[in-house]
Amino acid sequence: MEDEQLMVQASDIEAKAREIQTALDETRESVQNTAVIAGVVVALFVLIAFLTGRKRGKRSRALVEVYRV
């Protein structure tokens with residue numbers, strides 16, 4: 001065992017680099033999908049809050065006036 005030297009060839013480095021690049025691409029796609037879903041959820045929440053507030057603001061309320069004579 002001590003007589004054998006560990007040789008690293010260029011093809012080994014290239015294969016490992018491709019493996020790392022593939023993992024990075026998969027992670028990037030996953031994060032982008034999650035970000036898009038989160039953005040849509042936030043936009044829907046803001047839209048619902050806006051419409052609810054607008055509807056509530058238009059609701060007529062009874063107006064009671066008190067006169068002292």
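A helix, as the word is used on this tour, is a DSSP run of H or I that spans at least four residues, numbered from the N terminus. With that in hand, one early stop makes sense: Lys16 and Glu19 are three residues apart in helix α1, so about one helical turn separates them. Please keep in mind that you are looking at a predicted model.

**The whole chain**

Start with everything selected. The chain holds one helix and zero strands. Colour by accessibility next: of the 69 residues, 0% count as buried. The accessible surface of the chain is about 7,400 Å², and carbon and sulfur atoms account for 61% of that. Now select residues 10-58, which make up helix α1.

**Salt bridges along helix α1**

Side chains of opposite charge can pair when their charged atoms come close. How many salt bridges does a search of the whole structure find? The search finds three, and we can visit each in turn.

Select Glu14 and Arg18. Their side chains meet in a salt bridge, with N to O at 3.8 Å. Both residues lie in helix α1, four residues apart, or about one turn of the helix. Arg18 has a relative accessible area of 53%, so it is exposed, the cut-off being over 50%. Glu14, by contrast, counts as partly exposed because its relative accessibility is 46%.

Next, show Lys16 and Glu19 as sticks. This is the pair from the opening, and the two form a salt bridge whose closest N and O atoms are 3.4 Å apart. Lys16 is partly exposed, at 46% relative accessibility.

For the remaining pair, move to Asp25 and Arg28. Here the closest N and O atoms of the salt bridge are 3.2 Å apart. Again the partners are three residues apart in helix α1, so about one helical turn lies between them. Asp25 has a relative accessible area of 28% and is partly exposed; Arg28 is partly exposed too, at 46%.

**A side chain that reaches the backbone**

Stay in this stretch and pick Thr27, which also has its place in helix α1. What does the side chain of Thr27 reach at 2.9 Å? Turn on the backbone atoms of Ala23 and you will find the answer: its backbone oxygen. Thr27 itself is partly exposed, with a relative accessible area of 46%.

**A nonpolar patch**

For the last stop, select Val36, Val40, Leu44, Leu47, Ile48, Phe50 and Leu51, and switch to a surface view. These residues form a nonpolar patch on the surface. Together they offer about 670 Å² of accessible area. To place the patch on the chain, centre on Phe50, one of its members; Phe50 is found in helix α1, the helix you have been following.

Methods:
Residues are numbered from 1 along each chain as its sequence is written. This is a predicted model: local features need pLDDT of at least 70, side-chain atom pairs count only at pLDDT 80 or more; totals for chains, interfaces and linings use all residues. Side-chain values use heavy atoms; hydrogens and water are left out. Helices (H or I, at least four residues) and strands (E, at least two) are DSSP runs, numbered from the N terminus. Buried means under 20% relative accessible area, exposed over 50%, partly exposed in between (1.4 Å probe, protein chains only). Accessible areas come from the Shrake-Rupley method with a 1.4 Å probe; for residues, only the protein chains shown count as cover. Patches are made of residues with over 30% relative accessible area and no salt bridge: like charges are joined within 9 Å, nonpolar side chains (Val, Leu, Ile, Met, Phe, Trp, Tyr) within 5 Å. A salt bridge is a side-chain nitrogen of Lys or Arg within 4 Å of a carboxyl oxygen of Asp or Glu. A polar contact is a pair of N or O atoms within 3.5 Å; within protein, one must be able to donate a hydrogen and the other to accept it, and residues adjacent in sequence count only if both atoms are side-chain atoms.
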